[in-house]
Amino acid sequence: AAPVRAPAEFVALRDVAPTIVQEIRYKGRHNFVGEPIDGYRQPMCVLTRPAAEALRTAQHTLLRQGYTLKVYDCYRPQRAVDHFVRWAKDLADERMKTEFYPRVDKSRLFADGYIAEKSGHSRGSTLDVTLVKLPSKHQPPFRPGTPLVPCFAPAGERFADNMVDMGTGFDCFDTLSHTDDPRITGEARANRDLLRGTLAAVGFRNLPEEWWHYTLIDEPFPDTYFDFPVSRGSLCS
Ligand SMILES: C[C@@H](N)C(=O)N[C@H](C)C(=O)O
Ligand SMILES: [Zn+2]
């Protein structure tokens with residue numbers, strides 16, 4: 001059986017880079033499934049130490065320019081990925097479609113590259129991340145049951161995330177989220193490029209289908225998919 005504790009190389013991002021904002025979407029209901037995802041016991045970002053330290057360096061650069069990083073997902077246990085796979089097989093459950101994948105057939109989400117059955121997140125050096133301009137704007141809480149708005153609607157109309165305008169919301173499964181989509185211009189283009197340039201400078205590469213998804217190139221566990229829960233109790237220290 002897979003170990004329930006993390007190896008010593010895993011850390012809480014909060015302990016390494018405490019100023020990075022964390023909004024762990026899969027611990028709650030504001031995500032494409034619409035319910036808390038298996039394996040997220042605490043709303044915290046867990047990463048390998050080299051990934052966390054690289055983010056700390058990026059954060060120092062960004063703070064000097066008036067921005068902070070905000071993470072939505074970090075290490076993701078395999079049981080969480082299995083939850084996504086189970087959900088995807090139930091084609092009748094489209095309760096979050098209007099916000100997260102309005103123009104993509106649910107049966108295509110894995111084939112089109114928006115969700116992976118073996119995810120880099122489970123290797124511990126991949127994260128979903130954006131930029132917030134400082135001082136950060138108030139972000140209203142997500143209220144289940146309130147009408148959903150497509151994630152590619154203009155910034156003033158879609159969910160009022162306090163991130164900078166990236167052209168779409170987080171986990172917006174749509175070609176507009178492809179990092180280099182030519183329809184993304186002006187401020188949103190500059191914001192995507194700032195995020196990518198800053199993270200590339202500390203060793204991360206972006207997934208072309210998702211402007212928010214980054215993997216440390218020199219990751220310590222390139223072939224291991226972990227399944228310990230996201231929790232302080234999983235960590236060694
Ligand atoms: C689901 C989304 N946040 C994501 O991380 N997608 C990539 C492809 C993954 O699942 O690894
Ligand atoms: Zn991701």
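Two strands pair if DSSP finds at least two bridges between them. The exercises below apply to a predicted model.

**Exercise 1. Which strands form the open sheet, and in what order?**

Solution. Begin with the pairing of E4 and E5: these strands run antiparallel to each other and are joined over six bridges. One position in this pair is Asp-73, whose bridge partner in E5 is Asp-128. Next, place the pair in the whole sheet, which is open and has five strands in the order E2-E4-E5-E7-E6. The pairing in this sheet is mixed. Finally, look at the edges: strand E2 (21-22) and strand E6 (204-207) each have a single partner strand, so one side of each lacks a neighbour in the sheet.

**Exercise 2. List the residues around ligand 1 and sort them by class.**

Solution. The shell consists of Asp-73, Tyr-114, Ile-115, Ala-116, Ser-119, Gly-120, His-121, Asp-128, Asp-171, Glu-210 and His-213. Sorted by class, three of the residues are nonpolar, four are polar and four are charged. Now return to the sheet: Asp-73 and Asp-128 both belong to this shell, and Asp-128 in E5 is the bridge partner of Asp-73.

**Exercise 3. How many residues does the largest nonpolar core have, and which elements give two or more residues to it?**

Solution. The core has 56 residues, and Leu-13, Val-46, Leu-47, Leu-55 and Val-71 have the most contacts inside it. Two or more residues come from each of strands E1 (10-12), E3 (46-48), E4 (67-73), E5 (126-133) and E7 (210-216), and from each of helices H2 (49-64), H3 (78-89) and H5 (186-201). Helix H2 gives the most, with six residues. As a worked case, take Leu-47. Leaving out residues up to four places away in sequence, Leu-47 touches Val-11, Leu-13, Ala-52, Cys-74, Tyr-75, Gly-124, Ser-125 and Leu-127.

**Exercise 4. In what order do the elements run from the N terminus, and how does the radius of gyration of the protein stand against the globule rule?**

Solution. The protein has five helices and seven strands. From the N terminus, the order is β-α-β-β-α-β-α-α-β-α-β-β. The radius of gyration is 17 Å and the globule rule gives 18 Å for 237 residues; the two are close, so the protein is as compact as a globular protein of that length. Along the principal axes, the C-alpha atoms fill a box of roughly 45 × 45 × 30 Å. Of the 237 residues, 39% are buried. Lastly, consider contacts between residues at least 6 apart in sequence: 74% of these join residues at least 24 apart.

Definitions and conventions:
Residues numbered from 1 in each chain as written. Chains lettered and ligands numbered in written order. Predicted model: local features only at pLDDT ≥ 70, side-chain atom pairs only at ≥ 80, totals over all residues. Near = placed C-beta within 6 Å. Nonpolar A, V, L, I, M, F, W, Y, C, P; charged D, E, K, R; others polar. Core = buried A, V, L, I, M, F, W, Y, C linked by C-beta atoms within 7 Å. Buried ≥ 20, exposed ≤ 12 C-beta atoms within 10 Å, placed from the backbone. Helix = DSSP H or I, 4+ residues; strand = E, 2+ residues; numbered from the N terminus. Contact = placed C-beta atoms within 7 Å. Rg over C-alpha atoms; globule rule 2.2 N^0.38 Å.
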